[in-house]
Amino acid sequence: MTLYQTYCDRLVQDTPFLTGHGRLSEQQVDRIILQLNRYYPQILTNKEAEKFRNPKASLRVRLCDLLSHLQRSGERDCQEFYRALYIHAQPLHSCLPSRHALLCCSPGLASPLASAPPQRPPSDPKGLPGTRRVLGFSPVIIDRHVSRYLLAFLADDLGGL
């Protein structure tokens with residue numbers, strides 16, 4: 001297990017967990033498929049979305065087919081799946097084996113980020129330009145407990161804008 005695990009690697013690791021009995025409801029899977037189809041039609045075409053939403057096939061088979069399709073499609077498609085999973089099943093997303101493996105490999109990364117005071121005032125010209133914007137709008141998905149502190153830190157920091 002390396003710290004720089006790709007989204008495709010994570011999806012391979014998480015597939016047995018995600019396809020376990022009762023992990024994802026049919027509604028959650030449908031919402032994920034619809035998000036990948038509507039917002040990212042280059043990831044799932046209408047025909048593929050219909051195939052993965054076919055009620056004649058079991059949920060487990062459809063989910064396995066979807067995850068296999070995404071793994072073959074590439075890194076960006078797997079990343080978008082994780083984003084959709086976070087939106088539609090956040091508690092399950094927090095329990096993924098790949099997330100626990102990442103936290104075990106880097107136990108001290110999240111807490112200093114969440115509680116660290118700014119090293120330079122926002123108006124300091126020596127600070128890195130655009131740092132707040134990158135942090136505020138990056139698509140990094142973090143645990144909801146850490147995000148509360150990080151958002152509070154950003155809200156305090158953005159008061160001078």
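Modeller: Before we look at the helix pair, note that axes here are lines fitted to C-alpha atoms, for helices over the stretch in contact, with angles running from 0 to 180 degrees between N-to-C directions, and keep in mind that this is a predicted model.

Biologist: OK, so at what angle do H4 and H5 pack, and how far apart are their axes?

Modeller: Helix H4, residues 59–73, packs against helix H5, residues 75–88, at an angle of about 135°, and their axes lie 6 Å apart. That makes H4 oblique to H5, because angles over 145 would be needed for roughly antiparallel.

Biologist: Which residues meet there?

Modeller: From H4, Leu67, Leu70, Gln71 and Ser73 meet Asp77, Cys78 and Phe81 of H5; sorted by class, this contact has four nonpolar, two polar and one charged residues.

Biologist: Switching to the core, which residues touch the most other members?

Modeller: The largest nonpolar core has 26 residues, and those touching the most other members are Leu11, Leu18, Leu24, Leu36, Leu70, Phe81 and Leu85. Helices H1 (7–18), H2 (26–38), H3 (46–52), H4 and H5 each give two or more residues to this core, and the largest share, five residues, comes from H5.

Biologist: And what does leucine 18 touch?

Modeller: Leaving out residues up to four places away in sequence, leucine 18 touches Leu11, Arg23, Leu24, Leu63, Leu67, Phe81, Leu85, Leu92 and Leu96.

Biologist: What about the whole chain: how many helices and strands?

Modeller: The protein chain has 10 helices and zero strands, and of its 161 residues 32% count as buried. The chain exposes about 10300 Å², of which carbon and sulfur atoms supply 58%.

Technical notes
Residues numbered from 1 in each chain as written. Predicted model: local features only at pLDDT ≥ 70, side-chain atom pairs only at ≥ 80, totals over all residues. Heavy atoms only, no water. Helix = DSSP H or I, 4+ residues; strand = E, 2+ residues; numbered from the N terminus. Parallel < 35°, antiparallel > 145°, perpendicular 65-115°, else oblique. Contact = heavy atoms within 4.5 Å. Nonpolar A, V, L, I, M, F, W, Y, C, P; charged D, E, K, R; others polar. Core = buried A, V, L, I, M, F, W, Y, C linked by side-chain atoms within 4.5 Å. Buried < 20%, exposed > 50% of the residue type's maximum accessible area, 1.4 Å probe, protein only. Areas by Shrake-Rupley, 256 points an atom, 1.4 Å probe, with all protein chains shown as cover.
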